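Dear colleague,

Please find the structure below, handed over for your own work. A short account of the findings comes after it.

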Amino acid sequence: MKKKIYSHFMLVVTLAILLTMLSSSFLFYRIFKEQMYGDIRGYAQLIAQSELNAHMDWALYDSSGEYFRLTVIDADGNVLYDNEADADSMENHSNREEIISAWETGEGQAVRLSDTLNRSTYYVAVKLDENTVIRVGRDGSSVLGLYLHVLPIVLVVGILCWVICLLLASVLTRSILQPMQTLADNLDKPQTVPAYEELQPFLETIQKQHMDLLESAQMRQEFTANVSHELKTPLTVISGYAELISSGMAQDKDARHFAREIRENAGRLLTLINDILELSKLDSTSPGMELEHVDLYDVARSCVEMLDISAQKHKVGIRLSGESALVPGNREMLEELIYNLCDNAIRYNRENGSVEVSVLNRVDTVVLRVKDTGIGIPKEHQTRIFERFYRVDKSRSRDTGGTGLGLAIVKHIVSLHGATLDLESEEGVGTEITVTFMKAK
Ligand code: ADP
């Protein structure tokens with residue numbers, strides 16, 4: 001960026017210097033030309049007003065000793081007199097620019113290159129009478145000559161300006177970029193205010209990303225710690241019982257009990273690992289995933305059927321009501337979502353309690369509701385139960401085969417489907433969880 005600003009600045013400066021040099025030289029040449037014409041005109045008029053013949057002798061030089069050329073031409077363009085060449089051998093002058101103007105307007109002027117490139121001859125012609133035009137010419141610098149004359153001065157001034165601008169550009173570039181450097185060094189400080197207000201949105205985005213990164217790093221760390229902790233308990237139990245059996249201390253009837261414990265804890269480990277895998281799969285799924293049209297009622301029915309035995313075991317009645325309703329979604333994920341909600345509704349229920357699952361069409365939405373008559377969730381826990389590994393009653397969760405990840409998975413799936421989640425619960429009365437989906441078009 002520094003390089004870019006610097007080079008752009010120097011390009012503009014170089015162009016400006018070149019343009020100034022060119023235009024000032026052009027202006028200088030114009031003034032020089034006018035001056036030249038003015039001098040010659042004065043002299044030509046002086047000759048015209050006096051007796052011509054009397055001046056023919058001294059017309060070669062003016063009073064200051066400058067050389068002039070005097071030519072007298074008649075109406076046909078024939079040269080009557082020339083103080084430098086033989087008038088008779090000179091060609092017809094009627095087509096010369098200054099002569100034509102002199103016949104037309106009484107006076108004409110022109111400049112023509114001499115033999116050498118850097119010299120020109122400046123002419124002024126004045127009409128003397130109906131048959132005579134006198135023309136006075138004088139040698140002077142040509143445009144090129146003039147340029148060559150002033151070029152060294154212009155070059156020195158130009159280089160001087162260029163060097164000054166070079167220094168100025170480096171100072172300016174540094175002063176423009178310094179606040180950005182300061183900003184970059186202090187990105188993680190929330191009170192940082194950028195020196196240029198145009199940078200404010202940029203800063204906000206970066207700061208937000210920075211915070212998100214920190215947050216997600218912290219969450220990952222917490223999650224890893226939780227997972228290790230959760231894995232440790234069943235593994236300790238398994239290895240304890242296995243040791244008892246292998247040492248031969250367990251009698252036959254104990255051995256069967258130990259084996260059952262080992263199997264149960266291994267099962268718990270498997271469920272936990274499955275949930276962790278599911279979460280990690282959801283984490284790497286983008287919200288723009290491919291969606292199919294899924295009949296939510298159909299999915300709910302298969303979940304209710306799958307959970308029928310578990311419900312009977314818990315002495316809980318489970319019922320499905322509603323109607324076929326299409327939503328854009330991923331069938332496998334939706335199955336996981338409904339299964340987790342119904343599983344919770346059964347596991348946190350009371351004896352002879354009930355679970356009501358309903359799928360209903362609204363105008364633009366489809367509503368899935370899972371309502372139980374269970375133990376309910378105390379107010380202070382309601383906002384936290386969707387966090388990973390958060391459990392209201394750890395032992396009840398564990399005893400019923402919970403991992404503390406079910407609702408975290410639910411929340412993730414809801415967000416991937418762009419749906420909304422509502423929870424209503426009263427301790428000792430029951431819980432109602434509502435998920436609202438967009439209807440499939
Ligand atoms: P778990 O595997 O422990 O059930 P979840 O993430 O599914 O984990 O739920 C988190 C916690 O929320 C549970 O431990 C439980 O305390 C509470 N909870 C979830 N669903 C219900 C419900 N229907 N009724 C009462 N409490 C519930």
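The notes below cover the ligand site, a pocket, a cavity and the aromatic pairs.

This is a predicted model, in which local features need pLDDT of at least 70 and side-chain atom pairs count only at pLDDT 80 or more, while totals for chains, interfaces and linings use all residues. Residues are numbered from 1 along each chain as its sequence is written, and side-chain values use heavy atoms, with hydrogens and water left out.

**Ligand site**

The ligand is surrounded by 20 residues, a residue being counted if one of its heavy atoms lies within 4 Å. Y348, S397, T403, G404 and L407 are the closest. Three polar contacts to backbone atoms may be listed (a polar contact is a pair of N or O atoms within 3.5 Å; within protein, one must be able to donate a hydrogen and the other to accept it, and residues adjacent in sequence count only if both atoms are side-chain atoms):

- G404 places a backbone N or O atom 2.8 Å from an oxygen atom of the ligand.
- L407 has a polar backbone atom 2.8 Å from a ligand oxygen atom.
- G406 has a polar backbone atom 3.3 Å from a ligand oxygen atom.

The protein buries 97% of the 530 Å² that the ligand exposes when taken alone; accessible areas come from the Shrake-Rupley method with a 1.4 Å probe, and for residues only the protein chains shown count as cover.

Helices (H or I, at least four residues) and strands (E, at least two) are DSSP runs, numbered from the N terminus. On that basis, α9 (331–347) and α12 (406–416) each supply at least two residues of the shell, and α9 gives the largest share, 3 residues. The shell comprises 8 nonpolar, 8 polar and 4 charged residues, where Ala, Val, Leu, Ile, Met, Phe, Trp, Tyr, Cys and Pro count as nonpolar, Asp, Glu, Lys and Arg as charged, and the others, Gly among them, as polar.

**Pocket and cavity**

Both were sought on a 1 Å grid over the protein atoms alone: a cavity is a set of points where a 1.4 Å probe fits but cannot get out, a pocket is an open set with protein on both sides within 12 Å along at least five of seven lines, and lining residues have an atom within 4 Å of a point. Grid points are joined across faces, edges and corners, and a volume is the space filled by probe spheres set on the points.

The second largest pocket holds about 810 Å³ of space. Its lining has 25 residues, with M219, F223, F386, E387 and R388 nearest the centre. Of the elements, α5 (200–246) gives the most to this lining, 8 residues. By class, the lining has 8 nonpolar, 7 polar and 10 charged residues.

There is 1 cavity of 30 Å³ or more, with a volume of about 90 Å³. Among its lining residues are E230, R268, R391 and T403.

**Aromatic pairs**

The model has 5 aromatic pairs (ring centres of Phe, Tyr and Trp, the last by its six-membered ring, within 6.5 Å; planes under 30 degrees apart are stacked, over 60 edge-to-face, the rest tilted). One of them, Y37 with Y122, is edge-to-face, at 6.1 Å centre to centre and 75° between the planes.

Yours sincerely
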